[in-house]
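Work through these exercises with the sequence and the coordinates side by side. Try each task before reading its solution.

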Amino acid sequence: MGLVSGLVDAAVVLFSGVLAVAVPLIDAQVCLPEWLYPAPLVELKRWYGERYGDYLMAEKPHFFTGLVWVEIAFLWPLSLANFYGILARRPWASTTSLMAGVSIATSMAAIMAELLGSGRASDQLLRMYVPFGAFALLAILRGLFSRAKPRRPTAASHVPTARKKRA
C-alpha cells in the first residue's frame, strides 16, 4: 500500500505544482486585464488556445470566467498548500487534497459538460482537460484514505502533570 500511496502523493504534488504556476500566470488571464501580464505570457495563452482549439479560453464564456475566479480565490491557495503539505508530510495535507479534488471535480463537471455537449471540442482539447478530472479523483481519494502518521513525541509532551491532593 505504501507504493500506491507514494505514487498518488507524487501525482497530487505534480498537479498541484502545475496549478500553482498555471492558475496565476495562464488561467487568470481570462479574468484579469491583459496589461498585467508580460507579452510572452499573453502570447503563450494565445498559442495554447490556437494549438488546442480551446474556445473557452478564447471566448471567455461567463460560466468559465466564474470558474477561473474560483481557481484564483480557492484552488490556487489550496494547490500551494498541497504542494508544501504533502512534501513536508503535514497532517492537514489530506484535508487540502480533499478540498482541491472536490473543487476541481466540480469545475471539471461543468467544463466537460460544455465541451462534450457543444460538439466543438477536438479530441486534442479533451485530452488536455481529462487529466485534470483524473487528478481530481486522485486528490479526493488521497484526502479520504490517507492516514496521517503519528508525530514523534517531543520532550515537552513528556512533562508530568501535577496531581491534585486529596483531602
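**Exercise 1. The lining of a pocket**

Task: Sort the lining residues of the second largest pocket by class, then say which helices supply them.

Solution. The model is predicted.
- Step 1, classes. The lining of the second largest pocket divides into 20 nonpolar, two polar and four charged residues.
- Step 2, the count. The lining has 26 residues.
- Step 3, the centre. Ala-22, Asp-27, Tyr-48, Tyr-129 and Phe-132 lie nearest the centre of this pocket.
- Step 4, the helices. α1 (2–25), α2 (39–52), α4 (62–87), α5 and α6 each give at least two residues to the lining.
- Step 5, the volume. The second largest pocket comes to about 570 Å³.

**Exercise 2. The overall layout**

Task: Count the helices and strands of the protein, and give the buried share of its residues.

Solution.
- Step 1. The protein has six helices and zero strands.
- Step 2. Along the sequence, the pattern reads α-α-α-α-α-α.
- Step 3. Of the 167 residues in the protein, 37% are buried. The cut-off for buried is a relative accessible area under 20%.

**Exercise 3. The pair α5 and α6**

Task: Find the crossing angle of α5 and α6, and assign the pair to an orientation class.

Solution.
- Step 1, limits. Helix α5 covers residues 93–118, and helix α6 covers residues 123–145.
- Step 2, geometry. Their axes come within 7 Å and cross at roughly 150°.
- Step 3, class. Angles over 145 degrees count as roughly antiparallel. α5 and α6 are therefore roughly antiparallel to each other.
- Step 4, hand. The crossing of α5 past α6 is left-handed.
- Step 5, contact. The contact of α5 with α6 holds 20 nonpolar residues, five polar residues and one charged residue.

**Exercise 4. Two pairs that involve α1**

Task: Give the angle and the axis distance for α1 with α4, then treat α1 with α6 in turn.

Solution.
- Step 1, α1 with α4. These helices pack at an angle of about 140°, with their axes 8 Å apart. That makes α1 oblique to α4.
- Step 2, hand of this pair. α1 passes α4 in a left-handed crossing.
- Step 3, α1 with α6. The two axes come within 10 Å and cross at roughly 125°. α1 is thus oblique to α6.
- Step 4, hand of this pair. α1 and α6 make a left-handed crossing.

**Exercise 5. Contacts across the sequence**

Task: For Trp-76, Ala-81 and Phe-132, state the helix and the exposure class. Then give the C-alpha distance of each to a residue far off in sequence.

Solution.
- Step 1, Trp-76. Helix α4 holds Trp-76. Its relative accessible area is 31%, so Trp-76 is partly exposed. Trp-76 and Ser-16 are 60 residues apart in sequence, and their C-alpha atoms are 8.6 Å apart.
- Step 2, Ala-81. Ala-81 is in helix α4 as well. At 21% relative accessibility, Ala-81 is partly exposed. Its C-alpha atom is separated by 9.4 Å from that of Ala-20, 61 residues apart along the chain.
- Step 3, Phe-132. This residue belongs to helix α6. Its relative accessibility of 23% makes Phe-132 partly exposed. Phe-132 and Phe-15 are 117 residues apart in sequence, with 8.1 Å from C-alpha to C-alpha.
- Step 4, link to the pocket. Phe-132 is also among the residues nearest the centre of the second largest pocket.

**Exercise 6. Positive phi**

Task: Place Lys-60 and Arg-89 in their loops, and give phi and exposure for each.

Solution.
- Step 1, the background. Most residues other than glycine have a negative phi.
- Step 2, Lys-60. Phi of Lys-60 is positive, near 55°. Lys-60 sits in the loop between α3 (55–59) and α4. Its relative accessibility is 35%, so Lys-60 counts as partly exposed.
- Step 3, Arg-89. Phi of Arg-89 is near 55°, again a positive value. Arg-89 is placed in the loop between α4 and α5. Its relative accessibility is 66%, so Arg-89 counts as exposed.

Definitions and conventions. Residues numbered from 1 in each chain as written. Predicted model: local features only at pLDDT ≥ 70, side-chain atom pairs only at ≥ 80, totals over all residues. Heavy atoms only, no water. Axes fitted to C-alpha atoms, helices over the stretch in contact; angles between N-to-C directions. Helix = DSSP H or I, 4+ residues; strand = E, 2+ residues; numbered from the N terminus. Parallel < 35°, antiparallel > 145°, perpendicular 65-115°, else oblique. Left-handed = near helix turned anticlockwise from the far one by under 90°. Nonpolar A, V, L, I, M, F, W, Y, C, P; charged D, E, K, R; others polar. 1 Å grid on protein atoms, 1.4 Å probe; cavity = no way out; pocket = protein on both sides within 12 Å on 5 of 7 lines; lining within 4 Å. Points joined across faces, edges and corners; volume = space filled by probe spheres on them. Buried < 20%, exposed > 50% of the residue type's maximum accessible area, 1.4 Å probe, protein only.
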